[in-house]
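Please open the structure in a viewer and keep the selection tool at hand. The stops below are meant to be followed in order.

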Amino acid sequence: MKLYTSARAPNPRRVAMFLAEKGVSLDTQLIDLGKLENRSEAFLAKNPFGRVPVLELDDGRVLCETRAICSYLEGAFPEPNLMGEGFEERAFIEMADRRVELHVFAGIANCVRHTHPGLAALEQPQFPEYGAAQGEKMREWARWLDQTLATQPYVAGQRFTIADITAFCAMEFARGLMKFRPGAEGMEHLQAWRDRVAERPSAAAG
Ligand SMILES: N[C@@H](CCC(=O)N[C@@H](CS)C(=O)NCC(=O)O)C(=O)O
């Protein structure tokens, strides 16, 4: 299989970190978002949404959407388990992961895409006021995450899972492009968790 991915982009980083946790490396092709390679005819034929990551399977089928790609990789490379053993744990991890993705991650992505000049080529039109509001909303959800991490060591509970990967990649994107430091905004549990996850070798992936 072949992974189409990009440097410094948070969704590709989620897959890179997921693979690094499993100790797997795949044949990879870099898509340069700065040069709009994701809008080329060849790439749009693989993913009409023009987004990375994309996983092309050996039989030619193409899998898009980060979480779906991770589900496939979890099946192909089961150890260590990152998405849950059995239906109950899988459901609770999915709940945590989707909450992080749909609120924290999306809030950061919308804020950056609509306010940062570096993203103007990818997001047209930009609505800076909407972006700023999303940055504020994201902080509400980050505070929820901070409180969650006050009572448990990881985002979905007692062990490291895909939900930590989604949250960490979101935090690192916000750290770089929004200068967001949870500790500086009173979210010390979120900061301590982020610093702990940053020490994992997989944090350097992507
Ligand atoms: N829902 C998709 C989102 C993927 C996505 O937005 N990827 C960004 C990079 S982090 C991208 O390809 N952006 C290119 C663009 O906006 O044109 C997923 O979960 O994989």
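The tour that follows goes through a predicted model, beginning with its strands, continuing to the ligand and ending in the loops.

**First stop: the paired strands**

Please select residues 2–5, which form strand β1, together with residues 27–30, which form strand β2. These two strands pair in the parallel sense, and four bridges link them. Within this pairing, Tyr4 has Gln29 of β2 as its bridge partner. To follow the connection, add residues 10–22, helix α1, to the selection. The chain leaves β1, passes through α1 and arrives at β2, and this β-α-β crossover is right-handed.

Next, select residues 54–56, strand β3. Here β1 has another partner: β1 and β3 run antiparallel and are joined by three bridges. Return to Tyr4, and Val54 of β3 will be found opposite this residue. Tyr4 is thus a convenient residue to keep displayed, with Gln29 as its bridge partner in β2 and Val54 opposite it in β3.

**Second stop: the ligand**

Now select the ligand, which sits in the largest pocket. How many residues surround the ligand? There are 15, and the closest are Arg39, Arg51, Glu65, Thr66 and Arg113.

Show the side chains and inspect the polar contacts individually:

- Glu65: an N or O atom of this side chain is 2.6 Å from a nitrogen atom of the ligand.
- Thr66: an N or O atom of this side chain lies 2.7 Å from an oxygen atom of the ligand.
- Asn38: a polar atom of this side chain is 2.9 Å from an oxygen atom of the ligand.

The ligand taken alone exposes 510 Å², of which the protein buries 88%.

Which helix gives the most to the shell around the ligand? Select α1 again: this helix contributes three residues, the most to that shell. Helix α4, residues 86–115, should be displayed as well, as both α1 and α4 supply at least two residues of the shell.

**Third stop: the loops**

Begin with Arg8, in the loop between β1 and α1. This residue is not a glycine, yet its phi is positive, at about 60 degrees.

Move next to Pro53, in the loop between α2 (residues 41–46) and β3. The peptide bond leading from Val52 to Pro53 is cis, and its omega is near 5 degrees.

Finally, select Pro125, located in the loop between α4 and α5, the latter comprising residues 128–151. Gln124 and Pro125 are joined by a cis peptide bond, with omega about -5 degrees. The tour ends at this loop.

Definitions and conventions. Residues are numbered from 1 along each chain as its sequence is written. This is a predicted model: local features need pLDDT of at least 70, side-chain atom pairs count only at pLDDT 80 or more; totals for chains, interfaces and linings use all residues. Side-chain values use heavy atoms; hydrogens and water are left out. Two strands pair if DSSP finds at least two bridges between them. A crossover is right-handed if, with the strands pointing away from the viewer, the path from the first strand over the helix to the second runs clockwise. A residue is near a molecule or strand if one of its heavy atoms lies within 4 Å of it. A polar contact is a pair of N or O atoms within 3.5 Å; within protein, one must be able to donate a hydrogen and the other to accept it, and residues adjacent in sequence count only if both atoms are side-chain atoms. Accessible areas come from the Shrake-Rupley method with a 1.4 Å probe; for residues, only the protein chains shown count as cover. On a 1 Å grid over the protein atoms alone, a cavity is a set of points where a 1.4 Å probe fits but cannot get out, and a pocket is an open set with protein on both sides within 12 Å along at least five of seven lines; lining residues have an atom within 4 Å of a point. A molecule sits in a cavity or pocket if more than half of its atoms lie within 2 Å of its grid points.
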